[in-house]
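Here is a short tour to read alongside your viewer. Please have the chains coloured separately before you start.

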Protein chains: 2
Amino acid sequence: MNKKLTLVVTGAAGFLGSQLVKALLQRETLADNHGIPREIGKLIAIDRVALQGIKDSRLDVVTGDISDGEWLKSILPATVDSVFHLAAIVSSQAEQDFDLGMHINVDAFRQLLELLRHRADPVKLVTTSSVAVFGGCLPAKVTDREVWMPQSSYGTQKAICDLLLADYSRRGWVNGRSLRMPTIVVRPGRPNMAASSFASGIIREPIHGEPAVCPVSRDTPLWLLSPRKAIEALIHGHDIEDSEFTQGRVINLTGLSVTVGQMVTALAQVVGSGVEEKIAFVPDATIERIVNSWPGDFDTRYANELGFTANDSFTQMIEEYLADYAS
Amino acid sequence: MNKKLTLVVTGAAGFLGSQLVKALLQRETLADNHGIPREIGKLIAIDRVALQGIKDSRLDVVTGDISDGEWLKSILPATVDSVFHLAAIVSSQAEQDFDLGMHINVDAFRQLLELLRHRADPVKLVTTSSVAVFGGCLPAKVTDREVWMPQSSYGTQKAICDLLLADYSRRGWVNGRSLRMPTIVVRPGRPNMAASSFASGIIREPIHGEPAVCPVSRDTPLWLLSPRKAIEALIHGHDIEDSEFTQGRVINLTGLSVTVGQMVTALAQVVGSGVEEKIAFVPDATIERIVNSWPGDFDTRYANELGFTANDSFTQMIEEYLADYAS
């Protein structure tokens, strides 16, 4: 089989999306739907705004609205091997604008599933879910068997997508893999409307000599993964063989449990004392309610078995940021 | 407050629906949205076919397609206090016709939520969910914290509705209560397209001297509730005060765990030996796969706390059937 793979990435101009496109184009091969390693022939990068800064003859940058089914149908080639679906309305925005969240997070995903449904060979569909599907009276460590009880519309919408992806996969209509992402830290760039945006901000801003606001208390535990590990997880999740999915297609990813206080201490250790003073602790009831409803620690037995890995320490996560984005 | 309640029942011509309409019209009062007992002024009974056999000046029988949003909007009065939403595509049919299941079980429910969303006073919305939301490697007794892992499109669709009902309730847009029904046994009438239809058939048909087919093995445990208890649960679930919902609006109902073998033994005890010979055990792989993916026993702590009750014995359930439907 010399046929090369055609990949699609949605949300490709976003942070994870653009990192993923870069990483995919650097790969020698990816596993196809039958587990056979194949080269990448074409990568279609979709977003509302054009993905910029990556030059590769295999890359096809397309702009448009993922929720426009007719348009999406028109740009999906007849032979798509894999879709990485990252386009989403983030948590705070989905809480502020319920309808927009349903429209993009649920309806656009369902439309994508329908577009992929009638293909002869099931398309690999890798998407990201969220720890926001959990909530209520949670144990200190959340296991793979923990009930879903989202306390936000974002968590609700991601849980609905998980259910749909699992059912379409069970029926053999897609070859789905949903990865429940920890909070990705340290992100470069500007704050976004994710309720967890502060978790990158309180590290990133002080490193660049700028002030940061932390809307939650120091003892808040967060479940974290670095951008490098997140991209690794997306590609690893894509390549897992079907037979390994003994407990379904929805996977609580590996991560590192760290409190906000520990994050700040590690920051001072890496970049020197004084940096702490850049962080103002100003409680925000809405952000606190959402973030405190998420689990701060997991026992990710299934993800461990499937070969996902996490960061060793938060210090390592800061050092990755310094190496990758702060030069 | 002398204002009387306006109630809506969807799926009103179905078995549970018609029993519920009867039971509601016999009540002195129901709790309104503020917990105040009020008389029933009007009950709108909606279904594809007309509810028949119930005469009451407060009853308004309406026929139409619940998935037609414009029509539903036109028949919902400006002041609806409570909706009992029972209309659904049952499990085997939703498995055979995925699109029909999504259309009625998910999209029509979502349309109903949207129609109720913009009311000044949140409408009480009582609906039924299913043990089919569970699946995978289940413990012998499923607790309130068990992860959702549906192995059928019906279970998937009911889980999506549970998530939506919880989020709309959290936002204060409806006052929702979703009751995860056990298998309702013994139903009168003819078999339907529920995968669990045999569970009534193997009792009902022999009682009437007719043969029955059992598509699952004798050691299959089932989680059961009688029709009387199910109707009680719907009305109790409606009347629970908001402050009691300490663990959300989705409730695994109380039930009784009985194996198929124990059901047959109880039948022989109640109606005499010989009746067993009417039951042919003919395995059906599709039904077995679906039924075996459901939990056969629960620890329903939350439902117990909320005051739901189950049958004491399967013998009692047969006797209820004989008293209510076999005369």
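What follows looks at a strand and its partners in one chain, then at a helix in another.

This is a predicted model, in which local features need pLDDT of at least 70, side-chain atom pairs count only at pLDDT 80 or more, and totals for chains, interfaces and linings use all residues. Residues are numbered from 1 along each chain as its sequence is written, while chains are lettered from A and ligands numbered from 1 in the order in which they are written.

Let us begin with strand β7 of chain A, residues 123–130, where 8 of 8 residues are buried (20 or more other C-beta atoms lie within 10 Å of a buried residue's own, with C-beta atoms placed from the backbone). Strands here are DSSP runs of E with at least two residues, and helices are runs of H or I with at least four, numbered from the N terminus. Val123(A), Leu125(A), Thr127(A) and Ser129(A) point one way from β7(A), and Lys124(A), Val126(A), Thr128(A) and Ser130(A) the other way.

Two strands pair with β7(A) as tabulated (pairing takes at least two DSSP bridges).

| Partner of β7(A) | Sense | Bridges | Opposite residues |
|---|---|---|---|
| β6(A), residues 82–85 | parallel | 4 bridges | Phe84(A) and Val126(A) |
| β8(A), residues 174–181 | parallel | 8 bridges | Thr127(A) and Ser178(A) |

Now to chain B: in helix α9, residues 285–292, the buried residues are Ile287(B), Ile290(B) and Val291(B). Seen down the axis of α9(B), these fall within an arc of 95 degrees, so they line one face of the helix (the arc is that of the directions from the helix axis to the C-beta atoms).

Conventions:
Buried ≥ 20, exposed ≤ 12 C-beta atoms within 10 Å, placed from the backbone.
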